[in-house]
Amino acid sequence: MEQIVEQMPIVIHSLNIGFLQTLKLFFVTLIGAFPLGLLMALGSTSRFKPLSWVIKLVIWIIRGTPLMIQLLIIYYFPGLVLHNPIWGGGEGGRFLAASFSFILNYSCYFSEIYRGGIQGVPVGQEEAGLVLGMTKTQIFFRIKLLQVIKRIVPPMSNEIITLVKDTSLARIIALQEIIWAGQAFMKGSQGISGAIWPLFFTAVYYLIFNGILTILLGRLEKKLDYFR
Amino acid sequence: MAILEVEHICKSFNRTEILKDISFSLDKGQVVSIIGSSGSGKTTLLRCLNFLETPDRGVIRVNNETLFDSADPSTQRESTIRKKRLHFGLVFQSFNLFPQYTALENVMLAKELLAKERPDYKSRKKEIHGEIRIQAEGLLKQMGLEKRMNNYPHQLSGGQCQRVAIARALALQPDILCFDEPTSALDPELTGEVLKVIKELADQNTTMIIVTHEMAFARDVANQVIFMDDGYILEQGDPKQVFENPREERTKQFLSRFTQG
C-alpha cells in the first residue's frame, strides 16, 4: 500500500498522458464518423442501386468482423504486404491508422442508426413541406433533421459510450493510449516494474469519463423533450 | 371564369387504376365538395393536383396556365414543379404539423424560406420578417388561436392542430385550397370547430376543394358536389340536386347509408 502511494504521482502522470491520447482518438472518431455515417445512410437509402449495394457491402464487412482485426489489417497491410507504409512511422502513423479504422468502423454503426432515424420520420412531414413549396434540401435541414436527431440520441448515446471503451483496442497496434500507458508499468517504466495496479486503475478514467458523458447526453435528450 | 380546369386525369399504381378519366372545372370563389366511399380516388385526385403524384394522363390548368399536360414533357420538369405547387394548398387528414415548431413558426416557416428567394430580401430582411409575422398572427387569430400561437403541436388538441394547418396553408395565399378529409382524425366535438372555420373561409369566397365524409357539411358549404366512385366522377352538380335527387343508383345507395344514420 505504501508502495502504491509512492508510485502514485508517477503513474497518474503517465496515465494522464495516455488518457489524452484516448480522448484524442475518441473525439477524432466522433468528428469523422458523425458526418461520414450520415453520408453512408443517405447512400445506402439512395435510389441509385450500385451505390446502395456498395455501401451495404462495406457495412456488412465492417460490422461482421472484429474492430481489432480491422485495426491490424489497416495498420500493417499497406506496409508489410504492399511495401507502401502509407501511415508513416511512429506514434503519428499509429494514430492516423487508428483514427482511420475507428472512423470507418463507427460510421457503419452510425449510418444504421441514422437510417432508422430518417425512416422513422413520417412521410407526411416531407409531403407537408413539398406542398408548402420547400425544396428537398430545406425539408431535410429545416424539418426532418431535428426530428431525426431526437430519435437517434438514445441509440447514439449507447454507441458513444461503447466508443470510449473501444478506443482501448488501439493498444493492439501499440498506440500509446491509457491501456498502453498502464501496461508499461508491468514491463518496467520510470523505475516501476511488475506493477499491475496501474492497469486496473485505468478503469477509473473510463468510468469517470463515461459518467460525464452519460450526464451530458441525458441533458441533450431532455433538451429535445420540448417537442414530440 | 374557371380558375381550375382538370381534363381526363388518369392515375394507376402498380397497374391498379385509381383515377379513370377525371374531368371537372371550378370557378374562382367557389367551393366543391367531393364525396364518395373510401378507395374511390378522392385523395389521389387531391394529391395529383398538389403534384404529390404525377398523373399518367390528363391536363391541369390554373388561370388558363397549363401546369401539367401529360402530352407535353416541358410541363413535367422537376425544377418547375415546386413553384406550381404554390397554386394549391393542401390540408391533410393527419395535420402533418412540424412538431419542433410552435403554431406561429409552423405558419411562418414556408413563407420565410420563400422570401429568401426575393431579390430585395437582403436589403429588407427585417421588414419582410415583420410582414410575415403580422400576416401569420392575423391568420391564427382568424382561426381563433390567438392564445395558442406559441404552443407546440403536441400541446394542442386535434382541432387546434388542424386550424393551425389551415392557417399554414393560407399563409402562402394559394389560388385553390384543398382539404383531404380534414375532420376524419377528430372526435365529433372537435370536428365542429374545424368545419366552422372552413365555412367562414367559404363565406369569404375562398376557392376550395373539400374531400369529406361529413355529408351535411359537404352539402351546406359547397356550390358544387362531386360524387366519385371507383375512379370516375359518377355524378356532379348543385348540392341540392345531388343530395335530394341523385340521378345515379350508386349515388342513392351511397347517400342512403348516411341518411339512415
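# Two chains, strand by strand

Me: Over how many bridges do strand 1 (residues 2-13) and strand 4 (residues 57-62) of chain B pair?
Reply: Strands are DSSP runs of E, at least two residues long, and helices are runs of H or I, at least four long, numbered from the N terminus. Two strands pair if DSSP finds at least two bridges between them. Strand 1 and strand 4 of chain B pair in the antiparallel sense, and the bridges between them number five.

Me: What kind of model is this, and how is it labelled?
Reply: Residues are numbered from 1 along each chain as its sequence is written, while chains are lettered from A and ligands numbered from 1 in the order in which they are written. Local features need pLDDT of at least 70, side-chain atom pairs count only at pLDDT 80 or more, and totals for chains, interfaces and linings use all residues, since the model is predicted.

Me: Which residue of strand 4 of chain B stands opposite B:Val6?
Reply: Strand 1 and strand 4 of chain B are antiparallel partners. Opposite B:Val6, in strand 4, stands B:Ile60.

Me: Which strands stand at the edges of the open sheet in chain B?
Reply: Four strands form this antiparallel sheet, in the order 2-1-4-5. Each edge strand has a single partner strand, so one side of it is left without a neighbour in the sheet. The edge strands of chain B are strand 2 (16-27) and strand 5 (65-69).

Me: By how much are neighbouring strands of this sheet turned against each other on average?
Reply: Axes are lines fitted to C-alpha atoms, for helices over the stretch in contact, and angles run from 0 to 180 degrees between N-to-C directions. For this average, direction is ignored. The turn is 15°.

Me: At what angle does helix 1 (residues 42-49) of chain B run to strand 2?
Reply: Helix 1 of chain B lies across strand 1, strand 2 and strand 4 of chain B. Its angle to strand 2 is about 65°.

Me: Which helix of chain B gives the most to the largest nonpolar core?
Reply: A nonpolar core is a set of buried Ala, Val, Leu, Ile, Met, Phe, Trp, Tyr and Cys residues joined through C-beta atoms within 7 Å. The largest has 78 residues, and B:Ala165, B:Cys178 and B:Ile210 are among those with the most contacts inside it. Eight of its residues come from the helix that gives the most, residues 158-171 of chain B, which is helix 5.

Me: How many residues does the second, separate core have?
Reply: This core includes A:Leu38, A:Ile103, A:Ala170 and A:Ile178. Its size in residues is 44.

Me: Are the residues of strand 8 (residues 208-211) of chain B buried or exposed?
Reply: A residue is buried if 20 or more other C-beta atoms lie within 10 Å of its own, exposed if 12 or fewer, and partly exposed in between, with C-beta atoms placed from the backbone. B:Met208 and B:Ile210 point one way from strand 8, and B:Ile209 and B:Val211 the other way. All are buried.

Me: Which residue of strand 8 of chain B is the bridge partner of B:Cys178?
Reply: Strand 7 (residues 176-180) and strand 8 of chain B pair in the parallel sense over four bridges. In strand 8, the partner of B:Cys178 is B:Ile209.

Me: Through which helix does the chain cross from strand 7 to strand 8 of chain B?
Reply: This β-α-β crossover is right-handed: with the strands pointing away from the viewer, the path from the first strand over the helix to the second runs clockwise. The helix has residues 188-203 and is helix 6 of chain B.

Me: Is B:Asn205 buried or exposed?
Reply: B:Asn205 sits in the loop between helix 6 and strand 8 of chain B. Its phi is positive, about 60°, although it is not a glycine. With 11 C-beta neighbours inside 10 Å, B:Asn205 counts as exposed.

Me: Which helix gives the largest share of the side of chain A that touches chain B?
Reply: Two residues are in contact if their C-beta atoms, placed from the backbone, lie within 7 Å. By that test, 18 residues of chain A are in contact with 20 residues of chain B. The largest share of the chain A side, six residues, comes from helix 5 of chain A.

Me: How far apart in space are A:Thr45 and A:Ile118, C-alpha to C-alpha?
Reply: A:Thr45 is found in the loop between helix 1 (2-44) and helix 2 (49-64) of chain A. A:Ile118 is one of its contacts, leaving aside neighbours within four places in sequence. The two are 73 residues apart in sequence, and in space 9.7 Å.
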